[in-house]
Amino acid sequence: MDVVPQPPAASVAPLDPESRRWLRELRADGGARDAAVARLHALLLRAARFEVGRRRATLPYLRGNDLDDIALQAADDALVSVLARLDDFRGASRFTTWAYKFALLEAAVKLRRRAWQGREIPLEPESWPLVAGGGPTLGKEVAQTELLAAIREGIAAALTPHQRRVLVALALNGVPIDVLAERLGSTRGALYKTLHDARRKLRGHLADAGFGTTILEEE
Amino acid sequence: MARREDLLPRLLGPSGTELGCDECFAELDRYVELEIAGADADAAVPGLRAHLDGCPACREEHESLLALVRGEQPS
């Protein structure tokens, strides 16, 4: 398993008229640019509110005003990101689709962090013994128990302390990657690379322990 | 408390080649528009689907972008 360092180059299509208009107006001077920036902010705010709306059930203690503040902050931050990266837009999608993803990212990250605000980040495998069975057959239960024992051994023996903390927090204890990145002073990309390396080592440990590829893919 | 069948994929991750989070974000808008158009998005952006399988945060953002853009399509 490899993490591809760079994706294949996207074929750059000619810009659609609407995307061309966005770029032209956002690169203009004076009133035309101001109006385009205002339209862009409104578009980003709509996307941020969309994301907040999808997640509001997970944040029942936040009031409507709090949620709207988060959406507004996300739109503001996304606007800065989009304007700073206009030259990165190559027309592989419509401009609005490209811009939306910045607002969705900002809103999602803020909501994940808010949900974990003040909560301790579990970095040890404290929930390991509590893993629930899913009602498999007896034979499968035994196989899974052996596999889980080998995984536990692999986590303890094959990983570096940093890989172990990251794997346990993200994969075992369900800490969102943005929350862990903030607490560790890292980035989502760097932590995912660590997680990927830990998973690869763990798979190697299991293969060495006699668990074949087929068994792992069945899980 | 995690269920075992959920836990194993989370611990072991996807088996195939996968993009990282930054590459996933860079390609996400193109991937979503290809999906909506009914094109073979996975062939066009190899490794992105595997990354979505392995990264819950990117998966959530993919689902949101897909829902948002799909909601704008003429019915």
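The expected span of a helix is 1.5 Å times one less than its number of residues. Helices here are DSSP runs (H or I, at least four residues), numbered from the N terminus. The model is predicted: local features need pLDDT of at least 70, side-chain atom pairs count only at pLDDT 80 or more, and totals for chains, interfaces and linings use all residues. Residues are numbered from 1 along each chain as its sequence is written, and chains are lettered from A in the order in which they are written.

Let's start with helix α2 (residues 30-55) of chain A. Its 26 residues should span 38 Å at 1.5 Å a residue, which agrees with end C-alpha atoms that are 38 Å apart. Buried residues (20 or more other C-beta atoms within 10 Å of their own, C-beta atoms being placed from the backbone) in α2(A) include A:L44, A:A48 and A:F50. Their cover includes α5 (56-70) of chain B, along with α1 (17-26), α3 (64-84) and α4 of chain A.

Now to the largest nonpolar core (buried Ala, Val, Leu, Ile, Met, Phe, Trp, Tyr and Cys residues joined through C-beta atoms within 7 Å). Among its 68 residues, A:L44, A:A48, A:A103, A:A107 and A:L167 touch the most other members. Helix α4 (residues 95-115) of chain A gives the most, 12 residues. Both domains of chain A, with bounds from an automatic or database domain assignment, give residues to this core, so it lies between them. Their centres, taken over C-alpha atoms, are 35 Å apart.

Here are two residues with their contacts (C-beta atoms, placed from the backbone, within 7 Å), leaving aside neighbours within four places in sequence:

| Residue | In contact with |
|---|---|
| A:L167 | A:I155, A:L159, A:L172, A:L195 and A:A198 |
| A:L59 | A:L111, A:R114 and A:A115 |

Methods: Buried ≥ 20, exposed ≤ 12 C-beta atoms within 10 Å, placed from the backbone. Helix = DSSP H or I, 4+ residues; strand = E, 2+ residues; numbered from the N terminus.
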